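Colleague: Could you take one part of this model and go through it closely for me? Please say what each term means as you reach it.

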Amino acid sequence: MFDYIKGQLTKITAKYIVVEARGLGYIIYVANPYSFTNSVNQDVTVYLHQVIREDAHLLFGFHTEDEKAVFLNLISVSGIGPTTALAIVAVDDNEGLVAAIDNSDIKYLMKFPKIGKKTAQQMILDLAGKFTELTENEAQAKAAQQSDNHNLDEAMEALLALGYKANELKKIRTFFAGTETQTAEQYIKSALKMLMKG
């Protein structure tokens with residue numbers, strides 16, 4: 001199995017991109033090949049999922065690990081294959097998909113290519129709650145981008161790595177935002193005390 005590939009982006013077509021690594025050109029099917037346009041002839045990192053069939057070995061690629069995680073969740077649903085999952089990843093912003101699943105919005109899900117009523121119902125059954133962590137991670141990443149307190153950012157990343165939830169850390173980040181700047185280590189210690197009390 002492949003996790004990711006690093007190499008030069010040498011070709012873009014309507015269906016796939018080609019990344020050259022160590023003299024080999026890998027055909028990688030991606031949700032929107034033209035989203036890689038600015039990276040032609042440059043080094044890129046593409047996250048991969050390999051699908052092995054009797055007649056082919058296919059590579060599906062993604063810009064981020066979160067995008068890959070959405071794809072993997074989708075293909076775990078009966079009735080959704082890699083091509084359909086890729087089409088959903090291409091069309092949707094993830095937030096709409098998550099909201100539709102959480103709200104059992106069958107009509108919204110049926111707007112995706114090759115998704116009928118039965119498959120939409122199966123998506124809701126199989127994927128309810130599966131995307132919560134992804135959306136929390138995205139929210140945390142956005143908050144980190146907006147923050148200019150690098151020590152606090154590092155502390156929040158460390159706490160996420162320890163397994164604390166993004167929604168718990170959001171309250172703590174808000175609390176610390178109005179206090180004096182501390183070292184990352186001090187933030188972590190203070191945050192852990194708050195988490196243990198909470």
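**Strand pairing and what surrounds it**

Modeller: Tyr 29 has Phe 60, in strand E5, as its bridge partner. This is a predicted model, in which local features need pLDDT of at least 70 and side-chain atom pairs count only at pLDDT 80 or more, while totals for chains, interfaces and linings use all residues. Residues are numbered from 1 along each chain as its sequence is written, and side-chain values use heavy atoms, with hydrogens and water left out.

Two terms are needed at once. Helices (H or I, at least four residues) and strands (E, at least two) are DSSP runs, numbered from the N terminus. Two strands pair if DSSP finds at least two bridges between them.

The bridge at Tyr 29 belongs to the pairing of E3 with E5 (residues 57-62), which is parallel and has 2 bridges. E3 (residues 24-30) is also joined to E2 (residues 16-21), this time antiparallel and by 6 bridges. In that pairing, Val 19 stands opposite Tyr 26 in E3. Between E2 and E3 there are 2 residues, and the two strands form a hairpin.

Arg 22 is in the loop of this hairpin, between E2 and E3. Its phi is near 55°, which is positive although the residue is not glycine. Is Arg 22 buried or exposed? Its relative accessibility is 88%, so Arg 22 counts as exposed; buried means under 20% relative accessible area, exposed over 50%, and partly exposed in between (1.4 Å probe, protein chains only). A second positive phi, about 65°, is found at Asn 41, again not a glycine. Asn 41 sits in the loop between E3 and E4 and is exposed, at 52% relative accessible area.

After that loop, E4 (residues 43-52) pairs with E5 in the antiparallel sense, over 6 bridges. There, Val 51 faces its opposite residue, Leu 58 in E5.

Where does each pairing fit in the whole arrangement? The 5 strands close into a barrel in the order E1-E2-E3-E5-E4, and the pairing is mixed. From one strand to the next, the twist averages 55°. Such angles run from 0 to 180 degrees between N-to-C directions, with axes being lines fitted to C-alpha atoms, for helices over the stretch in contact.

Two helices belong in this picture. Helix H1 (residues 65-75) lies across E4 and E5, running at about 15° to E4. Helix H2 (residues 82-91) packs on the sheet and touches E3, E4 and E5, with its direction at about 15° to that of E5. Contact here means heavy atoms within 4.5 Å.

For the setting, the protein chain has 9 helices and 5 strands. Along the sequence, its pattern is β-β-β-β-β-α-α-α-α-α-α-α-α-α. Of its 198 residues, 37% are buried. Among contacts with a separation of 6 or more, 49% are between residues 24 or more positions apart. The accessible surface of the chain is about 12000 Å², and 51% of that belongs to carbon and sulfur atoms. These areas come from the Shrake-Rupley method with a 1.4 Å probe; for residues, only the protein chains shown count as cover.
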